[in-house]
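Trainee: Please take me through this structure. I want the reasoning behind each label.

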Amino acid sequence: MSLLTKTINNKPIMTMENSCKKKILIWMTILIIAIFVYTSLVLRINQETFMDIFSSRWFTVTYQQPHNFSYIHLTNNCSDSVQILVAVCSAPINLLHRNTIRETWGQYARNNSNFKMVFFEGVKHSPNVQDDINEESVKYGDIVQENYIDHYENLSLKSVAYLRWVSSSCRKVKFVLKTDDDMYINLPLLEKTLMNMKRSRFIMGLVFKHVAPIRDSSSKWYTPKSKYPKNEFPEYVSGTAYLISGDIVPELYAESFNEKLFWLEDVYITGMLANRVNATRINSGKFTIYNKQHTGCAYKNMISGHHVTPRNMKIIYQQLQNVTLVCH
């Protein structure tokens, strides 16, 4: 009886168990490789995207203070003539967006001594992307890059990065326009709007009030109570595009070391930090995130519009350049 319990067909039971485990492990490995190959070839997901997936909600990549990162690329300091700095937060891989901005609405800043336009970026784990950025920086000289990981949950770090650079390299600037690389900005209208602006210590844009954190875990903007326990965000300005008076930029940067970093950039910069420096928020209907029409007429009286592709940037720009444009 004891012999039967220890052997089956003259083979030790433990040996058979190990053999089964090895087979299961082999098949699991084959299955994982097959899934990876399928998604890579059929769905055409590249390595960077996989890294983004595995560094998102389950594996957070957000840093905490101190956030004084090392510079990889720098542009020249602002000259004394610069009154409006255009700070474009851009993803490292979005070379097409940056080039299109330079060719369209950004031309006004590039050709106007009252303006300076700078692209702010982090880093991606891709040598090819970094090589392209290195060449781009040499060619255009308008990139400020720091060595934090460029990721959606690190957008607040990117905004702290522009506050840092402005505080040290563009201290005399009167206004800072923060925007993203999927926005169209009507810079001539912005300049006209600011021509007689006498106010100080303000942030202007599309103001949101009484916004509750999203507790739905399936949402892109999911904010668990562990990250933000309160039932309502402070009043803040949409991060798609907002204008800061230059006098409070150094103060905002200084307070970023005192206020715990929060992953929603606009809530953090224009809400939490703005409260700490007693900044006034000004709501302006010229800043919009709802503009669905990508035409010159749609942007003629608007400073900003969201979700604009490089192709649509060119369409809007060409139409606005037409002095005979008639809008009804």
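Mentor: Start with H7, which lies across S3, S4, S5, S6, S7 and S10. H7 runs at about 135° to S5. Angles run from 0 to 180 degrees between N-to-C directions, with axes fitted as lines to C-alpha atoms, for helices over the stretch in contact. Contact means heavy atoms within 4.5 Å. Helices (H or I, at least four residues) and strands (E, at least two) are DSSP runs numbered from the N terminus.

The model is predicted: local features need pLDDT of at least 70, side-chain atom pairs count only at 80 or more, and totals for chains, interfaces and linings use all residues. Residues are numbered from 1 along each chain as its sequence is written, and side-chain values use heavy atoms, without hydrogens and water.

Trainee: What makes S3 and S11 edge strands?

Mentor: Each pairs on one side only. Pairing takes at least two DSSP bridges between two strands. The open sheet has 8 strands, in the order S3-S6-S5-S4-S7-S10-S9-S11, with mixed pairing.

Trainee: How do you know that S5 and S6 pair?

Mentor: They share 4 bridges, in the parallel sense. The cut-off is at least two, so they pair.

Trainee: Why is the pair of Phe208 and Tyr236 called tilted?

Mentor: Rings of Phe, Tyr and Trp (its six-membered ring) pair if their centres lie within 6.5 Å; planes under 30 degrees apart are stacked, over 60 edge-to-face, the rest tilted. By this rule there are 13 aromatic pairs. In Phe175 and Phe202, the centres are 6.2 Å apart and the planes at 50°: a tilted pair. For Phe208 and Tyr236 the values are 5.4 Å and 40°, so this pair is tilted. Phe208 lies in S9 and Tyr236 in S10, so the pair ties together parts 28 residues apart in sequence.

Trainee: Why is Phe208 called partly exposed, and what makes Tyr236 buried?

Mentor: Buried means under 20% relative accessible area, exposed over 50%, partly exposed in between (1.4 Å probe, protein chains only). Phe208 has 22%, so it is partly exposed. Tyr236 has 10%, so it is buried.

Trainee: What makes a nonpolar core?

Mentor: Buried Ala, Val, Leu, Ile, Met, Phe, Trp, Tyr and Cys residues, joined through side-chain atoms within 4.5 Å. The largest has 44 residues; Leu85, Tyr162, Trp165 and Phe262 touch the most other members. H7 gives the most to this core, with 7 residues.
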